[in-house]
Amino acid sequence: MTEIRLPSSLDGIEPVQSVRTPIRMEYTFTPGVAAQTYLRAFGNKKILGNVSPVDGAILVPPRGADPRHGVLCEEFVEMSHTGHVGSYCVTNVPIPGRDLDLPYISAWIFLDGADIGFLNLVAECPPEKCRIGMRVEAVWKPDEEIGMTAENILYWRPTGEPDIPFEAAGVRGWHARKAGGENA
Amino acid sequence: MESNERLSAPLVLEYPFTRTTGPVIGAFFTGLREKIVLGIKRQDGTVLVPPTEYDPETSETLTEMVEVGQVGQITTWTWVQEPRDQSPWDAPHALAMIKLEGADTPLLHAVLVDSPESLEVGMNVRIKWREETEGHIKDIEGFIPVEETND
């Protein structure tokens, strides 16, 4: 590394090596039509998806559009509260702002019938037992604490049912259906 | 929950970054902690404040850090009547480019005066240090006019 020459007034002074630069942004979040519809239903323990008018793909959570085709999605469909793990990550290192007990599992949850997944926690499952294709179900907060918030579902836990085949789990299923045409 | 009122909620994004400074910015902050200001010398002898690791025009590696003065001239300024919540300053103040003695480039900082009437390009200002310094740009509370500090 290049030697930096300092003025003698800093001789023997402990150098600064890092600086704290916290950033904080305060927004007022106003959900759009699709997210509002989703949140109102979610406040009643219902999970909604959007149906793509192009190929019938079910997108959860609904965003009001199919980003693959740039078309509006106006049809909603109620989803089941069970699905499978499409892929997952075990976190062993704490990060600021997350006070979860370590290790914890973050997973892409694919609800039954959904064509895309969403990120959520998996618990009641030792990390070494977690696997792609594992069937899971939602664990909701107590009814009196349910609101229009993503925090309604505490985590997902294994149902104990047989796994989805690896080839059909997560986005692999998506690609398999696309390649295979009608065998969705 | 069945209401059709528009939904809305506060959303706060917060990143508790700690950045490593590298040898040059680190030395600059070390200087601030010791209540001196360091620049870095270019090949043509001019001095950049704040210092950079590379010459912004020739891309040459720069290595010679030098101390510059604590008094400088305002080269341009703007007035902030209503600082935002997260501004380091609560009271109305100026933001100014200040060229310190011995420096050839200006530094952006606040000038702490009561009204924009007392400001002009070319006026001399000096650093007002915080009592406790930690190696951060905020070690400089701001700049104040030189005339008012002859005590």
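The following exchange asks how the labels attached to this predicted model are justified.

Reader: What makes Ile58(A) count as buried?

Author: The cut-off is 20 or more other C-beta atoms within 10 Å. Ile58(A) has 21 C-beta neighbours inside 10 Å, so it counts as buried. Its place is in strand β4 (residues 58–59) of chain A.

Reader: Which residues are in contact with Ile58(A), leaving aside its neighbours within four places in sequence?

Author: Contact requires C-beta atoms within 7 Å. On that basis Ile58(A) is in contact with Gly49(A), Val51(A), Val77(A), Gly113(A), Ala114(A) and Asp115(A). Gly113(A) is 55 residues away along the chain, and its C-alpha atom is separated from that of Ile58(A) by 7.1 Å. The 7 Å limit applies to C-beta atoms, so the C-alpha figure of 7.1 Å does not contradict the contact with Gly113(A).

Reader: What makes β4 and β7 of chain A edge strands?

Author: Three strands of chain A form an open sheet in the order β4-β3-β7, with antiparallel pairing. β4 and β7 (75–79) each pair on one side only, and they are the edge strands.

Reader: How do you know that β3(A) and β7(A) pair?

Author: Pairing requires at least two bridges. β3(A) and β7(A) have five bridges, in the antiparallel sense, so the requirement is met. In one of these, Asn50(A) has Phe76(A) in β7(A) as its bridge partner.

Reader: Why are the buried residues of α1(A) placed on the same side of the helix?

Author: The buried residues in helix α1 (residues 33–42) of chain A are Ala34(A), Tyr38(A), Leu39(A) and Phe42(A). They cover an arc of only 125 degrees around the axis, which puts them on the same side of α1(A). Their cover includes β3 (47–51) of chain A. The helix lies across β3 and β7 of chain A and runs at about 150 degrees to β3(A).

Reader: What is the make-up of chain B in helices and strands?

Author: Chain B has one helix and 10 strands. From the N terminus on, its elements run β-β-α-β-β-β-β-β-β-β-β. Of its 151 residues, 25% are buried. Among contacts in chain B between residues at least 6 apart in sequence, 50% join residues at least 24 apart.

Reader: How do you know that β3 and β4 of chain B pair?

Author: The minimum is two bridges. Strand β3 (residues 37–41) of chain B and β4(B) pair over two bridges, in the antiparallel sense, so they just reach the minimum. Lys41(B) stands opposite Val47(B) in β4(B). The open sheet has the order β4-β3-β5 in chain B, with antiparallel pairing. Its edge strands are β4 (47–48) and β5 (65–68), each of which pairs on one side only. Helix α1 (residues 22–33) of chain B lies across β3 and β5, at about 150 degrees to β3(B).

Reader: Why is strand β8 of chain B called largely enclosed by the rest of the structure?

Author: Four of the five residues of β8 (residues 107–111) are buried, so the description follows. Five bridges join β8(B) to strand β7 (residues 93–100) of chain B, and the two run antiparallel. The bridge partner of Leu95(B) in β8(B) is Ala110(B). The hairpin of β7(B) and β8(B) has six residues between the strands, and Gly102(B) there takes a positive phi near 95 degrees.

Reader: Which residues touch the most other members of the largest nonpolar core?

Author: That core has 31 residues, and Val49(B), Ile98(B), Leu100(B) and Val111(B) touch the most other members. α1(B) gives the most to this core, with five residues. A second, separate core of 24 residues includes Tyr38(A), Cys73(A), Met134(A) and Val136(A).

Reader: How many residues does each chain bring to the contact between them?

Author: Chain B brings 37 residues and chain A brings 34 residues. On the side of chain B, the largest share, eight residues, comes from α1(B). That side divides into 18 nonpolar, 12 polar and seven charged residues.

Reader: How do you know that β2(A) and β1(B) pair?

Author: At least two bridges are needed. Strand β2 (residues 23–29) of chain A and β1(B) have seven, in the antiparallel sense, so they count as paired. Ile23(A) stands opposite Tyr15(B) in β1(B).

Definitions and conventions. Residues are numbered from 1 along each chain as its sequence is written. Chains are lettered from A and ligands numbered from 1 in the order in which they are written. This is a predicted model: local features need pLDDT of at least 70, side-chain atom pairs count only at pLDDT 80 or more; totals for chains, interfaces and linings use all residues. Two residues are in contact if their C-beta atoms, placed from the backbone, lie within 7 Å. Axes are lines fitted to C-alpha atoms, for helices over the stretch in contact, and angles run from 0 to 180 degrees between N-to-C directions. A residue is buried if 20 or more other C-beta atoms lie within 10 Å of its own, exposed if 12 or fewer, and partly exposed in between; C-beta atoms are placed from the backbone. The arc is that of the directions from the helix axis to the C-beta atoms. Ala, Val, Leu, Ile, Met, Phe, Trp, Tyr, Cys and Pro count as nonpolar, Asp, Glu, Lys and Arg as charged, and the others, Gly among them, as polar. A nonpolar core is a set of buried Ala, Val, Leu, Ile, Met, Phe, Trp, Tyr and Cys residues joined through C-beta atoms within 7 Å.
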